[in-house]
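You asked for a few notes to help you find your way around this one. Here they are, point by point, to read with the model open beside you.

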Amino acid sequence: MEYYNLEQPEELSKKEKEDAMGAYLMMFAAMGAGLPLPIINLVAAVVYYFVQQKNSRFVKFHSLQSLYSQLPTTLVNAGALYWTLQIFFFMNLEVTDPYIGYLIMAGILNLLYFIFSIVGAVKARKGQMYYFIFFGKLSYHQVYKVRAEVDKKITNQPPV
């Protein structure tokens, strides 16, 4: 497989570094706005990715990595919200040990996600690549892999 060269920090503009950092910081703003609804983070990340998609590969990589890394956190948070609503409305507020364990696991996952996102934002602001576990490699392959150019020449034809 062939890959595009990685941009070096001195080759990146200040705007590119700030846009890449914004991919991680977007999550904090979206979380503040949509705290009861965990899906808001994911929607904000998808919108940010598509807005930044036309920018440099560096910005696209960090936006995609931020988006991918939000998927498991969003699913776990949505599960916690669903389970909490079930307990509140249908189980007479009966809290079980598996529920408490799930909440602890969700809290640890969110804490790890915050830490990785802050580190990613700082590294992106410095113009450095930072690879999350699994998601970093996946994003790198998605963004930097050289794809065979497909002849997309479109020719208009008269009606038949």
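**Notes on the model**

1. Let's start with F114. Leaving out residues up to four places away in sequence, F114 touches M27, F28 and M31. One of those partners, M27, sits 87 residues from F114 in sequence, yet the two C-alpha atoms are 9.2 Å apart in space. You'll find F114 in helix α4. Its relative accessibility is 24%, so F114 counts as partly exposed. Do keep in mind throughout that this is a predicted model.

2. Now look at Y49, which has its place in helix α2. Is Y49 buried or exposed? Its relative accessible area is 10%, and buried means under 20%, so Y49 is buried. Setting aside residues up to four places away in sequence, Y49 touches K60, S63, L64 and L67. For a contrast in distance, try L103: Y49 and L103 are 54 residues apart along the chain, and their C-alpha atoms are separated by 29 Å.

3. Y49 also turns up in the lining of the largest cavity, together with A23, M26, A45, Y48, S63, S66, L67 and Q70. Which elements give two or more residues to that lining? They are α1 (14-33), α2 (39-52) and α3. The largest share, four residues, comes from α3. The space inside is about 40 Å³, and the count of cavities of 30 Å³ or more comes to one. By class, the lining has six nonpolar residues, three polar ones and no charged ones.

4. Next, the largest pocket, which has a volume of about 190 Å³. Its lining is made up of S69, P72, T73, L109, L112, Y113, F116, F132, I133, F134 and F135. Two elements, α3 (57-90) and α4 (97-125), give two or more residues to this lining. Here the largest share comes from α4, with four residues. Nine of the lining residues are nonpolar and two are polar, while none is charged.

5. F134 is worth a second look, as one of the residues lining the largest pocket. You'll find F134 in the loop between α4 and α5. Its phi is near 65 degrees, a positive value in a residue other than glycine. How does F134 count, buried or exposed? With a relative accessible area of 57%, where exposed means over 50%, F134 is exposed.

6. L93 is another residue with a positive phi, about 60 degrees, although it is not a glycine. L93 is found in the loop between α3 and α4. The relative accessibility of L93 is 55%, so L93 counts as exposed.

7. What about the largest nonpolar core? The core has 21 residues, and the members that touch the most others are F58, F61, L64, L67 and Y144. At least two residues of this core come from each of α1, α2, α3, α4 and α5 (135-144). The largest share, six residues, is supplied by α3. Two of the names may ring a bell: L64 and L67 are also among the residues that Y49 touches, and L67 lines the largest cavity too.

8. Y144 deserves a point of its own. Which residues is Y144 in contact with, leaving aside its neighbours within four places in sequence? The list runs E2, Y3, Y4, N5, L6, E7, R57, F58, F61 and M129. F58 and F61, like Y144, are among the core residues that touch the most other members.

9. Finally, a word on the record. An unreviewed UniProt entry lists residues 23-51, 71-93 and 99-122 under "transmembrane region". How do two of those spans look in the model? Residues 71-93 are 87% helix and 0% strand, with the end C-alpha atoms 29 Å apart. Residues 99-122 are 100% helix and 0% strand, and the end C-alpha atoms of that span are 35 Å apart. When you check the ends of the spans, note that L93, in the loop between α3 and α4, is the residue with the positive phi from point 6.

Terms used:
Residues numbered from 1 in each chain as written. Predicted model: local features only at pLDDT ≥ 70, side-chain atom pairs only at ≥ 80, totals over all residues. Heavy atoms only, no water. 1 Å grid on protein atoms, 1.4 Å probe; cavity = no way out; pocket = protein on both sides within 12 Å on 5 of 7 lines; lining within 4 Å. Points joined across faces, edges and corners; volume = space filled by probe spheres on them. Nonpolar A, V, L, I, M, F, W, Y, C, P; charged D, E, K, R; others polar. UniProt positions renumbered as here; feature names shortened; annotations may be inferred. Core = buried A, V, L, I, M, F, W, Y, C linked by side-chain atoms within 4.5 Å. Buried < 20%, exposed > 50% of the residue type's maximum accessible area, 1.4 Å probe, protein only. Contact = heavy atoms within 4.5 Å.
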